Number of protein chains: 2
Amino acid sequence: MRDLGVLGTVIAMTTVEQPATLRERKKLRTRQALIETAITLFGERGFDNTPLDALLEQVEVSRRTFFRNFHSKEDVALTAVKQLWDIYLEVFDGIEKSGPLADVFLAAMLTTLERMDEDWYRRFPLTLQLIADSAALDGYTLRHCAEVQAEIACRLDEQNRLELRLLIEFFVAAWRCALDEWLPDCTPGELPALLRRACSTMNSALSLEA
Amino acid sequence: MRDLGVLGTVIAMTTVEQPATLRERKKLRTRQALIETAITLFGERGFDNTPLDALLEQVEVSRRTFFRNFHSKEDVALTAVKQLWDIYLEVFDGIEKSGPLADVFLAAMLTTLERMDEDWYRRFPLTLQLIADSAALDGYTLRHCAEVQAEIACRLDEQNRLELRLLIEFFVAAWRCALDEWLPDCTPGELPALLRRACSTMNSALSLEA
DNA sequence: CACAAAATGCCACAGTGTGGCGTTTGCTCC
DNA sequence: GGAGCAAACGCCACACTGTGGCATTTTGTG
């Protein structure tokens, strides 16, 4: 019934592996052209005000091929976000899980941020700006986040489900707060510090007085 | 640019005030007919699989009038959710804000739950089920939640914004967790207890070990 | 009863997303 | 290098959501 398409939809451009066959290289090229043109075009004219046809016309592909590569118009705009969480899940699987889980979540994200390449750090802030300007994109992003959270919970299936789910929600909330503070300037080196700060503020937030 | 339409879109059916004029009573009647038919129809055939025309045909209204009453197809399905948060903000405004803010948020929701009438407790679980079955509805709900959070933060604008925003996120996360545990049976009297439990678990969640 | 305002219905249109189907293009085997 | 095959593509038609214009009906008011 439900979509749940978080998994390998995104070809991980961060782990650069040029496919051998010409056909796949061509396909990847139009894919990247769509992504690149999408964030610039949407950035200029706004996501909601830019018809999909404008994108298709500029990249010179048909509607049919676009929807073979992406699930929706939102999908192509949010590629950078999906890539981040794909890598995160990958990192999370390989990390040693001992000690406080909150630290594990944080460490996994810090490692993830180190893995992202320069091109991603160029596209990600642009994507954040698109999200901030479009309610539709924001809703889509939140739903994607929820799917990732479910995925994380699934891999840690323990007895104390309530505590676990709460902690995951808290971590993602801290991540979003860090992004909000990062958005104005978007200096790549500062994001880890902001995230650390948000995470270390979680305890005092609970005992905040009016 | 953005929608931000949380405010008085929903005619508070919980504060029952029959409007004097016949015209407004008629309008309210078709409104309620749309809401009622929507949740039953979507519940039978699924939100994504039910065209809007099916609803319009059954209630015997035109497309035009529907969109004068609701912003979107999602909007009519989520009326119960919007009503809840409308009342919540209303309660929150009137409550005394002293002591730990976390307790204030919780108290406001407990009061809100007491204010909701019987008809709401019939429709709300149905709405939750619709959300659980449709990704589109889920995304729409999450976005609405984010708008409410922004609204709450706006009314408490203090210096420590980071702590405040984190706390609000935590509270809403606890609320969603409580709803998840409530969904299977949906006994009205149990929801407050579940919410209390989720809120009191927040502290130990932060120090959860792997 | 007459007039103004509001609500409605009908129609046409833009935009997103899907499926069928014929055609091109790249891959592979000989 | 050529024949056959499978994948990708483009074109077309269609369903569905959402918007705006305009005439018509209904309701409140003097």
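This report describes the fold of one chain, the pairing of two chains and the surfaces near two DNA strands.

The model is predicted, so local features need pLDDT of at least 70 and side-chain atom pairs count only at pLDDT 80 or more, whereas totals for chains, interfaces and linings use all residues. Residues are numbered from 1 along each chain as its sequence is written, and chains are lettered from A and ligands numbered from 1 in the order in which they are written.

**Fold of chain A**

Chain A has ten helices and zero strands, where helices (H or I, at least four residues) and strands (E, at least two) are DSSP runs numbered from the N terminus. The radius of gyration of chain A, taken over C-alpha atoms, is 18 Å, which agrees with the value near 17 Å for a compact globule of 210 residues, the rule being 2.2 Å times the number of residues to the power 0.38. Along its principal axes the C-alpha trace spans about 55 × 40 × 40 Å. Buried residues, those with 20 or more other C-beta atoms (placed from the backbone) within 10 Å of their own, with 12 or fewer counting as exposed and values in between as partly exposed, make up 35% of the 210 residues. Two residues are in contact if their C-beta atoms, placed from the backbone, lie within 7 Å; among such contacts in chain A between residues at least 6 apart in sequence, 66% join residues at least 24 apart.

**The helix α8**

The 21 residues of α8(A) should span 30 Å at 1.5 Å a residue, and the end C-alpha atoms are 31 Å apart, which agrees; the expected span is 1.5 Å times one less than the number of residues. Buried residues of α8(A) include L137(A), G139(A), Y140(A), L142(A), V148(A) and I152(A). The buried residues of this helix pack against α4, α5, α7 and α9 of chain A together with α8 of chain B.

**Pairing of the chains**

A rotation of 180° with 0.0 Å of shift along its axis superposes chain A on chain B with an RMSD of 0.0 Å, by least squares on the C-alpha atoms of residues with pLDDT of at least 70 in both. That is the relation of a two-fold axis, and in chain A the C-alpha nearest the axis is that of G139(A), 2.5 Å from it. The same surface serves both copies, since 100% of the contact residues of chain A recur in chain B.

At the interface, 40 residues of chain A are in contact with 41 residues of chain B. On the side of chain A that touches chain B, α6, α8, α9 and α10 each supply at least two residues, and α9(A) gives the most, with eleven.

**Surfaces near the DNA**

A residue is near a strand if its C-beta atom, placed from the backbone, lies within 6 Å of it. The 21 residues that surround DNA strand C have among their closest T21(A), L52(A) and R64(B), while S62(A), R64(A) and L52(B) are among the nearest of the 21 residues around DNA strand D. The largest share of the surface near strand C, four residues, comes from α3(B), and α3(A) gives the most to that near strand D, with four residues.

The table divides three surfaces by residue class, with Ala, Val, Leu, Ile, Met, Phe, Trp, Tyr, Cys and Pro as nonpolar, Asp, Glu, Lys and Arg as charged, and the others, Gly among them, as polar.

| Surface | Nonpolar | Polar | Charged |
|---|---|---|---|
| Side of chain A that touches chain B | 23 residues | seven residues | ten residues |
| Near DNA strand C | five residues | five residues | eleven residues |
| Near DNA strand D | five residues | five residues | eleven residues |
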